[in-house]
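Me: Please take a close look at one part of this structure. I should like a connected account of how one helix is packed against its partners, and of what surrounds a residue beside that packing.

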Amino acid sequence: MQTEFSKEQDLLRDVVSRALRDKSPATAVREQMASDRGYDQAVWQELCGDAGLAGVHVPEAFGGAGGGAVELGIVAEEMGRTLFCGPWFASAVMAGTALLEAANEPERQALLPGIAGGSTIATLVLDDLNGPAGVGGSIRAAEDGKLSGTAAMAVDAHVADLLLVVASGAGGLGLHAVERGASGLTVEPLQVVDPTRKLSRVVFADVPARRVGDVTGDALDRIWDRICSALAHEMIGGAQHLFETTVNYTKERFQFGRPIGSFQALKHRCADLLLELEIARALTHHSARCLDAGEGEPYAASMAKAAAADAYMSAARAGIQLRGGIGFTWENDTHLWFKRAKGSEVLFGAPAIHRERMMTMLEGAA
């Protein structure tokens, strides 16, 4: 199993990092989170269409770059660091993963190139975002293929050209494709804690759909693990940004004639944050390598998601507290990453849910 990044992977990180620093500064984040669409179409085309970031993990046969979970994680980590606003996570990670794991070959050939090239924005609609065991309880497919039910939250569904819906039916769980504007489809944008990641309530009322694949229990677990691993990488990137900017602030803020970072209590706090972040980073990178190798701990993705969520929230709380009064203000950018940390903490399962899932896997293997 790979234990270090290759030169090509380091180069990918460098290219993505430089591009996002240029295209996703905090000023752009504030502008996009206040808009209805939530992203800049020109930037989306440049990053995901021209640079191919939406297809980094998609096989070359389907128009992608032929990478895997490690490459996907590298991009996610850098996007989390800059708080990129756009449907990349919904389209590339969620929808792309669902097609790769559950769609039949003709549908993968038809749908993946558009997603990989950024010309099609897609999202995966699940009626339960806490764990795979609850998926399929609210959205059902009738014998004629029409969908009925409600998904309480869907990521970037308001801008999606294509909705991939996991629904239960007579033949078990299936993956269904629904086009934007389909009859009976209602997408209601939600007011949420994190405005940088747009969520919507999606209602299906006899919506025409096309079944594009079967979703077995194993396939759903693989989809869940790959999405959670990518999300963990994104959280690690955000936590790293908060840690670096907080440490820099403690070096620049003077009190009693000396930088506050020289006080022992703050040194200990930053050291604890660094230790938690490094452990979570190692677990997160390990989860991607396990997925690519097809071996290792089956609970690696859940372990990474739980650890990354805890580390992100710790860095977010400390980022506000160690900045003192300025950390609570709207003008300071720290709250942007705090809100993303809080939203990501519970997206696709809170840490407690993932730890319970890990215990269930361990008990099953015993």
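Reply: The account below turns to helix H7, its two partners, and then helix H10.

The model is predicted, so local features are reported at pLDDT of at least 70 and side-chain atom pairs only at pLDDT 80 or more, while totals for chains, interfaces and linings use all residues. Residues are numbered from 1 along each chain as its sequence is written, and side-chain values use heavy atoms, with hydrogens and water left out.

Helices here are DSSP runs of H or I with at least four residues, numbered from the N terminus. Helix H7 spans residues 217-252 and helix H9 residues 300-321; their axes come within 8 Å and cross at roughly 25°. Axes are lines fitted to C-alpha atoms over the stretch in contact, and angles run from 0 to 180 degrees between N-to-C directions. H7 and H9 are therefore roughly parallel, a term for angles under 35 degrees, with roughly antiparallel reserved for those over 145. Their crossing is left-handed, meaning that the near helix is turned anticlockwise from the far one by less than a right angle, whereas clockwise gives a right-handed crossing. Among the residues of H7 that meet H9 are Leu231, Met235 and Leu242, and the H9 side includes Lys305, Ala309 and Tyr312; contact means heavy atoms within 4.5 Å. The contact of H7 with H9 comprises 16 nonpolar, 3 polar and 2 charged residues. In this scheme Ala, Val, Leu, Ile, Met, Phe, Trp, Tyr, Cys and Pro are nonpolar, Asp, Glu, Lys and Arg are charged, and the others, Gly among them, are polar.

Helix H5 (residues 88-102) also packs on H7, at an angle of about 155° and with the axes 9 Å apart. H5 is therefore roughly antiparallel to H7, and their crossing is right-handed. The H5 side includes Phe89, Val93 and Glu101, and the H7 side includes Arg222, Ile227 and Leu231. This contact divides into 10 nonpolar, 1 polar and 4 charged residues.

Glu345 lies in helix H10 (residues 334-346). Glu345 counts as buried because its relative accessibility is 13%; buried means under 20% relative accessible area, with a 1.4 Å probe and protein chains only. Other buried residues of H10 include Leu336, Trp337 and Arg340. Beyond its neighbours within four places in sequence, Glu345 is in contact with Met235, Lys305, Ala309, Met313, Ala350 and Pro351. After H10 comes Phe348, with a positive phi near 60°.

Methods:
Helices (H or I, at least four residues) and strands (E, at least two) are DSSP runs, numbered from the N terminus. Angles under 35 degrees count as roughly parallel, over 145 as roughly antiparallel, 65 to 115 as roughly perpendicular and the rest as oblique. Buried means under 20% relative accessible area, exposed over 50%, partly exposed in between (1.4 Å probe, protein chains only).
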